[in-house]
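Me: I'd like to practise reading a two-chain model with you. Could you take me through it feature by feature?

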Amino acid sequence: MTVKLDIQLKRGGFHLDAQLSAPAGVTVIFGPSGSGKTTLLRAFAGLEPIDQGHVSIEGADMSGVPPHHRAVGYVFQEPRLLPHLTVMANLKFAQKMGRVGAGQSFNEVTDLLALRPLLERYPAALSGGEAQRVALGRALLSAPKCLCLDEPLSALDHGLKQRIFPYLERLRDQTKIPILYVTHDAAEMARLADHIVLMHAGRSVLSGPATEVLADPAAVPFLGVRAAGTVVAGRVMSPDPVTGLAVMGFDGGQLILPELAQPEGRKIRIRIAAQDIVLASEMPKGLSALNILEGVISDLHQGQGPGVMVQFKVGRTLFLARVTQYSAAQMGLVLGQRVFAIVKASAFDPAGIGT
Amino acid sequence: MSWLSLSPVEFQALTLSLWVAMVSVVVSLPFATAVAYILARRRFWGHGLLNALVHLPLVLPPVVTGYLLLMAFGRRGIFGPPLEALGLQLAFTSAGAALAAAVMAFPLIVRAIRLALEAVDPKLEEAASTLGASSVKVFVFVTLPLSLPGILAGAVVGFAKALGEFGATITFVSNIPGETQTIASAIYALLQVPGQEAAVGRMIGFSILLSFGALLLSEVLARRMVRR
């Protein structure tokens with residue numbers, strides 16, 4: 001299943017001109033507020049009329065089709081549950097409207113999102129996180145061919161977000177439909193994205209598989225310096241024999257993750273921010289840092305600011321490090337040069353560790 | 001308790017008033033809901049004109065409304081003869097009294113329903129459309145249930161208004177005991193004759209009781225809507 005969008009529209013002074021193609025899995029649409037992410041999603045769902053372009057789901061043209069015939073499940077920033085209906089009736093609303101089709105069964109969805117204890121309640125009696133989970137379940141039960149999630153976690157506090165992430169990860173791994181996920185939170189993107197589309201001023205400027213886009217120095221201006229950083233996918237290994245600390249193995253090496261609390265053998269992904277890596281041209285000695293990786297510089301990118309983005313490869317895994325122009329000149333960094341990367345332990349935010 | 005016992009004429013006026021008010025509200029409710037929906041949700045050329053037209057009976061002298069009804073639905077009016085051919089005579093009949101009451105109550109009913117519809121969050125309707133609901137289904141399953149207390153409040157206020165309608169009714173359908181004589185016109189007739197203070201008092205008592213009850217009920221419904 002694939003969805004394709006090519007949308008041009010004007011709203012007042014705002015001009016949206018965006019293209020994207022999303023296969024099954026999570027495609028994160030990332031950009032600052034006002035970059036047109038939500039408008040793009042709404043236009044895709046038929047909630048916003050478009051001036052030009054087309055929308056297709058599985059090759060079928062959906063451009064002129066009204067929203068109730070598009071089979072696009074939509075989760076808004078706020079839950080938008082129908083207040084006069086119970087959770088159960090909200091979940092079964094789409095079915096009552098005649099939306100039936102292949103998709104997850106009622107039991108599967110209520111289990112996936114742990115909704116069973118909530119079924120008899122009215123939306124007014126739900127907490128923010130519960131209501132958003134119901135909204136997610138309701139969208140899943142509308143027999144969608146594609147799912148749109150518009151910053152579904154933005155209204156929730158940090159703790160609640162952490163509790164909903166595992167549900168979203170399970171959803172990503174269990175459904176076979178494309179999920180378009182809008183966010184402006186880099187950690188959220190790194191944790192969930194299979195693919196990434198970067199939006200800037202109404203345009204889709206860069207897109208591709210998450211690991212590639214995040215490792216692309218050209219993407220840094222659109223991500224912002226703080227959000228720049230790569231995602232490393234790997235598996236939990238047996239604990240380090242010397243220190244007894246948890247270890248994650250990836251294609252090219254190992255990382256010691258003190259705060260990792262996942263069972264051995266589990267597939268995990270972590271985000272390492274570019275600003276949390278220190279580079280050295282020689283093997284450093286006498287350091288407190290646990291992780292020193294040896295790599296080869298594969299790209300250098302000088303931005304408008306005082307920094308330089310250095311992309312380097314450890315085995316087949318790409319990393320990004322941010323150093324100052326001064327340091328880059330002092331170290332004489334060039335393409336193909338061998339470098340040692342010191343990864344600070346603080347780089348591993350336990351909240352950023354996904355499965 | 002003899003002062004409480006109603007004469008046949010008074011009893012007829014009371015039941016007729018209730019019948020007229022009931023019929024006028026039931027018949028005008030669907031139209032009022034449609035007009036309120038159009039006024040609340042659609043923007044079109046002539047929106048202001050429609051709004052003014054709906055509210056006209058509220059500000060026009062009732063006798064003028066009654067006269068206009070006579071021009072339209074009287075036996076020599078524009079629609080009178082064709083309706084009579086269909087077996088429906090409105091002038092000087094109880095059906096006509098219901099029409100006059102409905103026209104007079106219409107602005108109040110529309111107002112209440114429009115407020116209720118405007119209080120329904122369009123975001124919920126949008127969410128329902130992504131769940132497969134066509135615009136008709138969105139109205140039936142989302143908009144209508146959410147604005148129901150307001151619609152009921154409108155019906156109750158309209159009922160109270162129809163119950164007390166006098167000017168347009170007496171102009172359009174006159175004051176015929178047993179056919180078009182409602183509580184209001186009965187009180188007017190009784191006041192023309194000396195020595196009917198007890199009867200007048202009884203009718204006024206009923207008037208106050210019914211109107212007050214209706215207002216209380218609409219207040220309760222309106223409060224329930226706010227709590228949503």
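Reply: Happy to. Let's start with what counts as an element: helices are DSSP runs of H or I with at least four residues, and strands are runs of E with at least two. Keep in mind that this is a predicted model.

Me: With that in hand, how many helices and strands does chain B have?

Reply: Chain B comes to ten helices and zero strands. Read along the sequence, its pattern is α-α-α-α-α-α-α-α-α-α. The C-alpha trace of chain B spans about 70 × 45 × 30 Å along its principal axes.

Me: How do I read a pair of packed helices?

Reply: Two packed helices are described by the angle between their axes and by the distance between those axes. Try helix α1 (residues 8–41) and helix α7 (residues 135–164) of chain B: their axes come within 9 Å and cross at roughly 140 degrees.

Me: Why is α1(B) called oblique to α7(B)?

Reply: The crossing is at roughly 140 degrees, and only angles over 145 count as roughly antiparallel, while 65 to 115 is roughly perpendicular. That is why α1(B) is oblique to α7(B). As for handedness, α1(B) passes α7(B) in a right-handed crossing.

Me: Which residues make that contact?

Reply: From α1(B), the residues include B:Ser17, B:Val20, B:Ala21 and B:Ser24. On the α7(B) side you'll find, among them, B:Gly154, B:Ala155, B:Gly158 and B:Phe159. By class, the contact of α1(B) with α7(B) has ten nonpolar, six polar and no charged residues.

Me: Now chain A. What is the strand order in its open sheet of five strands?

Reply: For a sheet, look at order, direction and edges. Here the order is β15-β19-β16-β17-β18 (chain A), with antiparallel pairing. The edge strands are β15 (277–280) and β18 (317–324) of chain A, each pairing on one side only. From one strand to the next, the twist averages 45 degrees.

Me: Can we zoom in on one pair of strands?

Reply: Sure. Strand β16 (residues 291–302) and strand β17 (residues 307–314) of chain A pair in the antiparallel sense over six bridges. To find your register, start from A:Ile297, whose bridge partner in β17(A) is A:Phe312.

Me: What about a hairpin?

Reply: Look at the strands, then at what lies between them. Strand β12 (residues 247–250) and strand β13 (residues 253–256) of chain A run antiparallel and are joined by four bridges. A:Gly249 has A:Gln254 as its bridge partner in β13(A). The hairpin has two residues between the strands, and A:Gly252 takes a positive phi near 130 degrees.

Me: Which domains does the assignment give for chain A?

Reply: The domain assignment gives domain 1 (3–215) and domain 2 (229–352). Their C-alpha centres lie 32 Å apart. Eight residues of domain 1 of chain A are in contact with nine residues of domain 2 of chain A. On the domain 1 side, α7 (186–192) and α8 (210–215) of chain A each supply at least two residues. α8(A) gives the most to that side, with four residues. By class, this side has five nonpolar, two polar and one charged residues.

Me: Last one: how many residues does each chain put into the contact between chains A and B?

Reply: Chain A gives 19 residues and chain B gives 15 residues. Within the chain A side, β6 (72–75) and α3 (93–96) each supply at least two residues. The largest share, three residues, comes from β6(A). By class, the side of chain A that touches chain B has eleven nonpolar, five polar and three charged residues.

Conventions: Residues numbered from 1 in each chain as written. Chains lettered and ligands numbered in written order. Predicted model: local features only at pLDDT ≥ 70, side-chain atom pairs only at ≥ 80, totals over all residues. Contact = placed C-beta atoms within 7 Å. Nonpolar A, V, L, I, M, F, W, Y, C, P; charged D, E, K, R; others polar. Pairing = 2+ DSSP bridges. Axes fitted to C-alpha atoms, helices over the stretch in contact; angles between N-to-C directions. Parallel < 35°, antiparallel > 145°, perpendicular 65-115°, else oblique. Left-handed = near helix turned anticlockwise from the far one by under 90°. Domains from an automatic or database assignment.
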